[in-house]
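The following note is offered to a colleague who is beginning to read protein structures. Please keep the sequence and the model in view while working through the numbered points.

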Amino acid sequence: MIVLFKLANLLAKCSCPKWNRCGILRRLCRYSMWGLTAIDYMLLSPSSILRIAKRTSYFRHRNTYPRIYHCIANWPEDDGALVVDPSNFVIKHSTSYCAWKIRELTGKWPKNAVNPKDESHAIEIANRERPHDAKYWLEFLQAQDCCLGITDLLRLGHHYIGINPNYGEYGLVVWLESLTTDATEVTISTYEHHRYTCKNVSLVDFTWVEIHSKAISD
């Protein structure tokens with residue numbers, strides 16, 4: 001297993017322009033890293049029995065983010081050293097974590113581009129310095145087939161992503177884990193400072209978007 005992680009880390013490093021100037025080789029390394037991550041996840045979850053078990057109370061608040069993404073790329077981030085997932089979000093950030101939760105739920109990584117509302121919106125999108133930040137996730141989710149829209153009513157057995165565009169400099173997206181006995185709080189999971197966290201947050205601090213368990217286009 002250590003060998004697998006070391007290989008994935010090498011491929012991740014070679015997918016970055018800081019260490020690899022050849023675009024074709026970077027792309028090849030990136031897809032190979034994604035492939036290793038998928039293989040590792042399948043080996044970790046070899047049967048539907050385990051996947052069902054993860055929905056029980058024992059597994060409800062466990063980190064299901066791929067182990068490889070969690071363990072690799074522990075170098076300082078800069079523009080030339082960013083490692084991304086298949087949705088093009090930087091790994092170990094809240095955006096990548098929530099994209100993974102969608103992949104885990106629907107079987108597909110969210111990839112649909114945002115459709116500009118008008119010409120001025122298209123120009124604004126084109127001029128964004130960091131277009132993949134969490135603060136832009138409302139319109140990103142609205143472009144995905146699995147999105148059922150904004151809701152103020154969170155129901156048991158349904159799936160939601162919360163968006164707080166004003167959290168820090170880049171915003172924050174979170175995955176709803178469970179409702180609490182306090183009507184003003186919910187339990188969420190996300191990634192902050194490159195680490196998994198599960199905690200209670202104020203319900204009103206986030207805009208909640210319901211995610212369908214299967215892509216509508218399927």
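1. A disulfide is a pair of cysteine sulfur atoms within 2.5 Å. The structure discussed here is a predicted model, and a search of the whole of it finds 0 disulfides. Why does Cys147 form no such bond? The closest cysteine sulfur to that of Cys147 belongs to Cys146 and is 6.8 Å away, which is too far for a bond. Cys147 counts as buried, because its relative accessibility is 14%.

2. Cys22 may be read in the light of the cut-off given above. Its sulfur has its closest cysteine sulfur in Cys29, at 9.1 Å, and this too is too far for a bond. With a relative accessibility of 33%, Cys22 counts as partly exposed.

3. The next point concerns the interior. The largest nonpolar core has 42 residues, and those touching the most other members are Met33, Ile72, Val83, Trp137, Leu141 and Ile161. Among the elements that give two or more residues to this core are the helices α1 (2–14), α2 (23–44) and α5, together with the strands β2 (159–164), β3 (172–179) and β6 (207–211). Apart from this core lies another, of 10 residues, which include Leu172, Leu176, Val201 and Trp208. In soluble globular proteins, nonpolar side chains tend to be buried together.

4. Ile161 merits a separate look. Which residues does Ile161 contact when its neighbours within four places in sequence are left aside? The contacts include Cys98 and Ile102, Trp137 and Leu141, Val173, Val174 and Trp175, and also Trp208 and Val209.

5. Helix α5 covers residues 94–106, 13 residues in number. From its first C-alpha to its last it reaches 18 Å, close to the 18 Å expected at 1.5 Å a residue. Is α5 largely enclosed by the rest of the structure or largely open? It is largely enclosed, because 10 of its 13 residues are buried. Among the buried residues are Ser94, Tyr97, Cys98, Trp100, Lys101 and Thr106. Just after α5, Gly107 takes a positive phi of about 90°.

6. Two residues that are not glycines should also be noted for their backbone angles. Ala73 has a positive phi of about 55°, and Lys92 has one of about 65°. Ala73 is placed in the loop between α4 and α5, and Lys92 lies in the loop between α4 and α5 as well. Ala73 is buried, with a relative accessible area of 11%. Lys92 also counts as buried, at 6% relative accessibility.

7. The aromatic rings form 14 pairs. One of them joins Trp100 and Trp109, whose ring centres are 5.8 Å apart with 50° between the planes, a tilted arrangement. Trp100 is buried at 4% relative accessible area, and Trp109 is buried at 17%. In the pair of Phe206 and Trp208 the centres are 5.7 Å apart and the planes meet at 45°, so this pair is tilted. Both Phe206 and Trp208 are buried. In addition, Tyr65, Tyr69, Tyr97, Tyr191 and Tyr196 form one aromatic cluster.

8. Finally, charged side chains are found over aromatic rings. Lys13 lies over the face of Trp19, 5.0 Å from the ring centre. Arg128 lies over the face of Tyr136, at 3.9 Å from the ring centre.

Key
Residues are numbered from 1 along each chain as its sequence is written. This is a predicted model: local features need pLDDT of at least 70, side-chain atom pairs count only at pLDDT 80 or more; totals for chains, interfaces and linings use all residues. Side-chain values use heavy atoms; hydrogens and water are left out. Rings of Phe, Tyr and Trp (its six-membered ring) pair if their centres lie within 6.5 Å; planes under 30 degrees apart count as stacked, over 60 as edge-to-face and the rest as tilted. Buried means under 20% relative accessible area, exposed over 50%, partly exposed in between (1.4 Å probe, protein chains only). A charge sits over a ring if NZ of Lys or CZ of Arg is within 6 Å of the ring centre and within 35 degrees of the ring normal. Helices (H or I, at least four residues) and strands (E, at least two) are DSSP runs, numbered from the N terminus. The expected span of a helix is 1.5 Å times one less than its number of residues. A nonpolar core is a set of buried Ala, Val, Leu, Ile, Met, Phe, Trp, Tyr and Cys residues joined through side-chain atoms within 4.5 Å. Contact means heavy atoms within 4.5 Å.
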